[in-house]
Amino acid sequence: MAVWEIIPGQTTIAELEEAWGAPVRQRRIEDTKHVHLYENHDEFSRVEVALEGETVVSLFLIPREPLTRDIVEAKYDLTRVTPAQVHDPSGRELGVIYPEKGVLLPHPEQPNAGGVDRIVVQPPSAEGYLIRARGRSTLDFRERLEDFRLALSLEPHSAEAWYETAKILQRIGRTEEAFEAARQAMAGIGSLPKHRLLRGRLAASQGSLSGALQSTQEIAEDQTIAPEVRAQAYCQWGDLLQMAGPVKNQEAVAQHVKAIETASPLVNDANRSVRRTAKQVLIDAHLALAVDIAAGDWERKPETVDQWLKRAKVFVDDMVTNEAGTEELRLSLLAQSLTAHSYFEHDFDPGESVDQILGKYRELVSQTDDPFFHRAIEWETGQALSQAMFIENARGRHDAALALVDQAHTYLKGGVTGRDVSMADHLLLGNLYFRAGAIEAVQKQNHQAAVAWYDLSAPHLNDPTLKSIMLDRRGESLVSMGVSYWSIGQRQRGVELSEQGKTLIEAAVVKNPELQQKLLVPLDNLAQMYRQLGDTQKSTQYTASSRKIQQSLDADGMGNGSVQR
């Protein structure tokens, strides 16, 4: 039996001793674990065989003379296996692993020595696949997912494999699968607080905001948890508070500032993972603060927002230059900048940012043929172009806004493939297409073109997953759409959308009676529509309802007898 023929996990001690005889030495590690030492077999001066019970579980081989890597790869049939670099926590390379074969080639003990001077052979393990996944380009979603799948085939309860799987599934919009993977990570072997953070973030995206806030706050305030994870938690806490609406804006700012304070001391940590996590938190928190200020009631918004964005750029440049960050970070910076600037009206031209975003998109997709990554980056580019459209619309540059919505639609249409459309996605798409339709209807007086956009918008604004979110605004949009359908002769559709809009506004009024004035337009429109359709009973009913609201508001008149937008 040649050394190359010993297969850990399969070869037995009986087979080995029959071929090689008794070892030179042996030592016991535990009751059932021991090591046998053999010398001068084949190309090796030393062969250490670790046994558990009666089976070989690993080999440690020292050749008489360093071997070429080609020889080792040929002997162990490694030429079709993708290897991966093994690093210590500081990032220093320790060797190369071939996960499918369980073969590890440590770097030579002498820095200038050539060839392979040690070989470790074990059964394939989940850790080997995790090492390879960590070493792959972050743009290679499909290959990384496959490594995590292989890791889970060997260790079904690997918390890290489930966690990393969940992060990629989240990026490609498969949120239900991502949530289940995050749940498995929390219940898995080696579960960590960061796994709980991801589960909370995914739960919030599905509407469970209060539970996510509670678990995130617990992690942020737990002094026994590693500071870089607590920094992540503070940042996520701020993000969740911002999701809760304007009333929580100042609290969101406070938690994002706390994230920066917690992460800042860690940017020079010797542990590469700690250092990079801290720097990523600093990027995320600075970008979040730019949006916080833009969305809240703060003075000197343009100057303050730009200050936070400039500080974020410093950390983005550092990550790309010193920490193997990709251009995704710069794309995210540009996208978040547009999001911040879309929250308030000021003299900001998004044109340069749009050109840079499209350039980053093309650069990134040229670096990989991974279809999952392409879909994710298409979606994110479409989101960014949508924000640019909102800015141009607010500036009154309607032709530029329509050109941008055409571009955004192209990217969003490609990126939505295979995606679980979330509540936030429905709101983005519904609002984007509605605004395009409104430009056509109001500015261009082209109701036919408007309806083409409204056909895309209405299913999103009416999606049942939105439940009680933005009831009045969605209702007003549907009522406005109804006018265009009515104008081009699609009267039934016009009535249908107006009724749907009225129902949403009524639900909003139940929650906030001060909004009842918003019912006047749909009631007057429907009264006029039913009058022209010959349904005098409904027309009279809606006219009376409108009059009652007008009287309660001490308003004069009953409408002008025409359909209103």
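This passage describes selected helices, aromatic contacts, a pocket and single residues in a predicted model.

Two helices are considered before the side-chain contacts. Helix H5 covers residues 159-171, a run of 13 residues. From its first C-alpha to its last, H5 reaches 19 Å, which is close to the 18 Å expected at 1.5 Å a residue. The buried residues of H5 are Ala159, Ala161, Tyr163, Glu164, Thr165, Ala166, Ile168 and Leu169. These buried residues pack against four helices, namely H3 (126-135), H4 (141-154), H6 (175-186) and H7 (193-205). After H5 comes Gly173, with a positive phi near 80 degrees.

Helix H8 consists of the twelve residues 209-220. At 1.5 Å a residue, H8 should span 16 Å, and its end C-alpha atoms are 16 Å apart, so the two values agree. Leu209, Ala212, Leu213, Ser215, Thr216, Ile219 and Ala220 are buried in H8. The cover over these buried residues includes H7 and helix H9 (227-243). H7 is thus named for both helices: it packs against the buried residues of H5, and it helps to cover those of H8. As background to such lists, an α-helix has 3.6 residues a turn, so residues three or four places apart point the same way.

Aromatic side chains form a further set of contacts. A pair of aromatic rings is described by the distance of the centres and the angle of the planes. The structure holds nine aromatic pairs. In one of them, Phe434 and Tyr454, the ring centres are 5.8 Å apart and the planes meet at 20 degrees; the pair counts as stacked because this angle is under 30 degrees. Phe434 belongs to helix H17 (residues 423-443) and Tyr454 to helix H18 (residues 447-461), so the pair ties together parts that are 20 residues apart in sequence. Phe434 has a relative accessibility of 14% and therefore counts as buried. Tyr454 is also buried, at 0% relative accessibility.

Tyr530 and Tyr542 form another stacked pair, with 5.8 Å from centre to centre and 15 degrees between the planes. This pair links distant parts of the chain, since Tyr530 lies in helix H21 (residues 520-533) and Tyr542 in helix H22 (residues 536-552), twelve residues apart. Tyr530 is buried at 8% relative accessibility, and Tyr542 is buried with a relative accessible area of 8%. In addition, Trp4, Phe44 and Tyr76 form one aromatic cluster.

Charged groups are also placed over aromatic rings. The charged end of Arg311 sits over the ring of Trp308, at 4.7 Å from its centre. The charged end of Arg435 sits over the ring of Phe390, at 4.4 Å from its centre.

The second largest pocket encloses about 380 Å³ of space. Its lining is made of 17 residues, of which Lys313, Leu333, Leu334, Ser337 and Gln356 lie nearest the centre. Helix H12 (301-322), helix H13 (328-341) and helix H14 (351-365) are the elements that give two or more residues to this lining. H12 gives the most, with six residues.

Helix H14 also holds Ser353. At 10% relative accessibility, Ser353 falls under the 20% limit and so counts as buried. With residues up to four places away in sequence left out, Ser353 touches Leu338 and Phe348.

A second buried residue is Val405, which lies in helix H16 (residues 398-415) and has a relative accessible area of 0%. Beyond residues up to four places away in sequence, Val405 touches Met389, Leu432, Ala436 and Trp453. Val405 and Gln10 are 395 residues apart in sequence, and their C-alpha atoms are 61 Å apart in space.

Positive phi values also occur in residues other than glycine. Phi of Asn40 is near 55 degrees, and Asn40 lies in strand S2 (residues 33-41). Phi of Gln445 is likewise positive, near 55 degrees. Gln445 is found in the loop between H17 and H18, the helices that hold Phe434 and Tyr454. With a relative accessibility of 57%, Gln445 is over the 50% limit and therefore counts as exposed.

Terms used:
Residues are numbered from 1 along each chain as its sequence is written. This is a predicted model: local features need pLDDT of at least 70, side-chain atom pairs count only at pLDDT 80 or more; totals for chains, interfaces and linings use all residues. Side-chain values use heavy atoms; hydrogens and water are left out. The expected span of a helix is 1.5 Å times one less than its number of residues. Buried means under 20% relative accessible area, exposed over 50%, partly exposed in between (1.4 Å probe, protein chains only). Contact means heavy atoms within 4.5 Å. Rings of Phe, Tyr and Trp (its six-membered ring) pair if their centres lie within 6.5 Å; planes under 30 degrees apart count as stacked, over 60 as edge-to-face and the rest as tilted. A charge sits over a ring if NZ of Lys or CZ of Arg is within 6 Å of the ring centre and within 35 degrees of the ring normal. On a 1 Å grid over the protein atoms alone, a cavity is a set of points where a 1.4 Å probe fits but cannot get out, and a pocket is an open set with protein on both sides within 12 Å along at least five of seven lines; lining residues have an atom within 4 Å of a point. Grid points are joined across faces, edges and corners, and a volume is the space filled by probe spheres set on the points.
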